[in-house]
Every structure is written in C-alpha cells, then in structure tokens.
Amino acid sequence: MKCVSIDLDGTLLDDQHQISEKNRQVIQQMKDNHIEVILNTGRQYADVIRVAGVAELKLPIFCLNGSMMYAENGELLYETTLAEELYFELLAKLKPLNVGILVYTNKGGFPGTLPSLRGKSWDEIQQMFDSQDYEGIVAQKDIKIYKLIAVVNETEIDKIDTVKNTLKELSSVSFSSSFPNNCEITSSTAQKGKAIRRYENMKKIVFDEIYSFGDGGNDVTQFEVSTRSFAMENAPDEIKKRASDITKSNNDDGVAYAVTEILKLV
C-alpha cells in the first residue's frame with residue numbers, strides 16, 4: 001500500500017491558507033486509487049478542521065508533530081503529553097532566553113496558537129506573552145500539555161539557535177522549527193516520521209512506498225522514513241537539502257504537480 005503524508009502550512013495550503021481546487025482533486029483521486037493520504041501537521045486539531053475543505057476530504061490527521069493522531073472520522077487514535085515536571089523544567093530553561101512561549105493543551109492554546117498570532121503586530125503578540133500566567137496553566141482540572149512553541153520576532157531569529165542549543169540537554173523532548181522564528185517542543189515520542197510508523201502498527205499494515213511533502217524543520221523526520229520526500233520550492237535551502245526531491249511552491253500547486261507529473265500516482 002502507498003502512503004502520501006502532507007504537511008499543511010506552506011505545503012498543501014497556499015499563502016492565503018487555502019487548499020487549491022487542483023490539490024483537492026488530486027487528493028480525492030489518490031483516495032479513489034486506495035492510496036493512504038495523511039495530513040501531518042504541527043497545528044492542533046481544532047485549527048486544522050477550521051481550514052475550508054479539510055473536513056470534506058476525510059483524511060487521517062496527525063497533529064502537533066505527531067503528539068496526537070486522529071482517524072478520518074475524527075476519532076483520537078493516540079496522544080502523548082509533556083509531564084508537569086518536564087513542563088516546568090522547560091519553562092525554567094526558556095524564560096531566561098526572553099522568547100515568547102505558546103502552550104498547546106487539550107483546552108486550547110495559551111495565550112494562543114500560531115494561527116491566532118497572524119496579522120498581529122509584535123507589540124501585540126509580546127503583550128499576550130507578558131500577560132500569560134504559565135505556572136497557572138497546570139492548575140486547570142484535567143489539563144494535558146502537548147506542545148510548547150518558543151517564538152521570537154523575525155528580527156531576532158538568532159535566539160532560536162540558542163533555544164535549540166539549550167534543549168539539546170533534554171533527551172525527553174523533540175524539537176524542530178516549522179518557521180525560522182520558532183522552535184516547536186514536544187515529547188521525544190512525538191515526531192511526524194514516528195507518527196507514520198505508529199499508524200502502520202495501529203492499522204496492522206505496511207506501507208510499501210511512502211511519499212512525504214513539507215517545507216519546515218518539523219518535516220525532516222517524515223522525509224527520513226519516506227521512499228521519496230518533496231520539499232516545496234518555498235522551503236528554506238536547509239530543508240530542501242534534506243529532501244530527495246523539490247517540487248513547485250505551495251502557491252503553484254506543488255503537491256498536485258509532484259503527485260501527477262513526477263510520481264504519476266493518479
């Protein structure tokens with residue numbers, strides 16, 4: 001069985017955060033050809049299904065870099081969390097670095113999620129971070145913490161290297177960047193590539209061929225388990241070097257182009 005694993009932002013979605021009709025048609029054609037198509041994203045589930053057209057595609061959705069895995073009917077198949085002790089350890093390491101922190105939980109994002117920052121000035125974003133009671137998050141009843149994202153102003157991208165160097169000390173977390181100005185932090189068991197392999201085990205199937213598409217650092221682990229991997233033309237050069245192939249940009253139906261013209265899956 002063939003599997004196609006597709007990142008969302010900067011990959012399947014264009015810069016207007018929409019799925020083009022061509023990409024939608026190609027995904028449906030792959031499904032009709034009994035190819036397993038997966039959305040594999042750093043977003044949380046609520047932010048994924050809000051995207052126009054996603055629900056209608058009825059695809060498995062792996063969220064938060066593999067921290068949560070959902071079946072095509074919305075059933076939760078798997079989740080992994082950051083323990084409270086580890087959460088406080090991460091806060092202690094990140095706060096002195098003067099970076100913004102987003103906390104993804106089963107009760108939403110605190111003070112928000114990446115999509116909620118879109119269109120805001122950095123001063124507005126900084127105010128959100130400054131007013132958040134991070135220690136108080138764990139006091140909420142039945143709270144589960146899935147992911148943290150360290151975020152900086154685009155003029156301070158060098159800070160992200162400092163974040164990554166600091167996190168190297170912790171074997172219990174995975175981290176990668178979906179954009180140059182952030183670092184996404186999850187449990188070490190949560191990676192996009194590991195999620196694909198976990199799905200195989202859950203479904204008791206073996207993917208003979210895996211094709212993956214992405215544009216960010218959090219896509220590298222799915223590239224590593226793929227027969228062929230496609231970086232988008234809009235991806236940074238360091239991500240392109242980690243993929244076996246490069247396809248057109250997210251604004252030029254790069255997913256559909258690779259599927260039809262290079263892989264000839266439909």
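How many disulfides does the structure hold? The number is zero. I should say at the outset that we are looking at a predicted model, and I will begin with its cysteines before turning to the two sheets, the helices and the aromatic rings.

By way of reminder, a disulfide is a covalent bond between the sulfur atoms of two cysteines. Consider C63. The cysteine sulfur closest to that of C63 belongs to C3, and because the two are 15 Å apart, they are too far from each other for a bond. C63 is also buried, with a relative accessibility of 0%. C183 likewise takes part in no disulfide. For C183 the nearest cysteine sulfur is that of C63, at 19 Å. The relative accessibility of C183 is 0%, and C183 therefore counts as buried.

Let me move to the sheets. In general, strands of a sheet pair through backbone hydrogen bonds, either parallel or antiparallel. One sheet here is open and has eight strands, in the order β5-β4-β3-β2-β1-β11-β12-β13, and its pairing is mixed. Which strands stand at its edges? They are β5, residues 76-79, and β13, residues 245-247. Each has a single partner strand, so one side of each is left without a neighbour in the sheet. From one strand to the next, the twist of this sheet averages 20 degrees.

Within the eight-stranded sheet, I would point to β2, residues 36-40, and β3, residues 61-63. These two strands run parallel and are joined by two bridges. N40 has F62, in β3, as its bridge partner. Please keep F62 in mind, as this residue returns with the aromatic rings.

The other sheet I wish to describe is also open, with five strands ordered β7-β6-β8-β10-β9 and antiparallel pairing. Its edge strands are β7, at 108-110, and β9, at 173-176, each of which pairs on one side only. Here too the twist averages 20 degrees from one strand to the next.

Two pairings in this sheet deserve detail. Strand β8, residues 145-151, and strand β10, residues 182-187, are antiparallel and share five bridges. One position to look at is K147, whose bridge partner in β10 is T186. On its other side, β10 runs antiparallel to β9, with four bridges between them. V173 stands opposite S187 of β10, and a hairpin of five residues connects β9 to β10.

What packs on this sheet? Helix α5, residues 84-94, does so, touching β6 (100-105), β8, β9 and β10. The direction of α5 makes about 5 degrees with that of β8. The buried residues of this helix are L86, Y87, L90, L91 and L94. They lie on the same side of α5, because the arc they cover around the axis is only 140 degrees. The partners of these buried residues are β6, α8 (134-137), β8, α9 (158-167), β9 and β10. On the face of α5 turned away from the buried side, we find the exposed residues E85 and A92.

E89 also has its place in helix α5. Is E89 buried or partly exposed? E89 counts as partly exposed, since its relative accessibility is 34%. E89 and L170 are 81 residues apart in sequence, yet their C-alpha atoms are 9.6 Å apart in space.

Helix α9 may be described in a similar manner. Its residues I160, V163, T166 and L167 are buried. These cover an arc of only 120 degrees around the axis, and so they fall on the same side of α9. The buried residues of α9 pack against α5, β8, β9 and β10.

Finally, the aromatic rings. A pair of aromatic rings is described by the distance of the centres and the angle of the planes. Six aromatic pairs are found in a search of the whole structure. Among them, Y199 and F207 form a stacked pair, with 6.5 Å from centre to centre and 25 degrees between the planes. Y199 is buried, with a relative accessible area of 1%, and F207 is buried as well, at 6%. Where does F62 enter? Ring pairs link F62, Y199 and F207 into a cluster. F62 is also the residue in β3 that serves as bridge partner to N40, which returns us to the eight-stranded sheet.

Definitions and conventions: Residues numbered from 1 in each chain as written. Predicted model: local features only at pLDDT ≥ 70, side-chain atom pairs only at ≥ 80, totals over all residues. Heavy atoms only, no water. Pairing = 2+ DSSP bridges. Axes fitted to C-alpha atoms, helices over the stretch in contact; angles between N-to-C directions. Contact = heavy atoms within 4.5 Å. Buried < 20%, exposed > 50% of the residue type's maximum accessible area, 1.4 Å probe, protein only. Arc of directions from axis to C-beta. Disulfide = S-S within 2.5 Å. Phe/Tyr/Trp six-rings, centres within 6.5 Å; stacked < 30°, edge-to-face > 60°.
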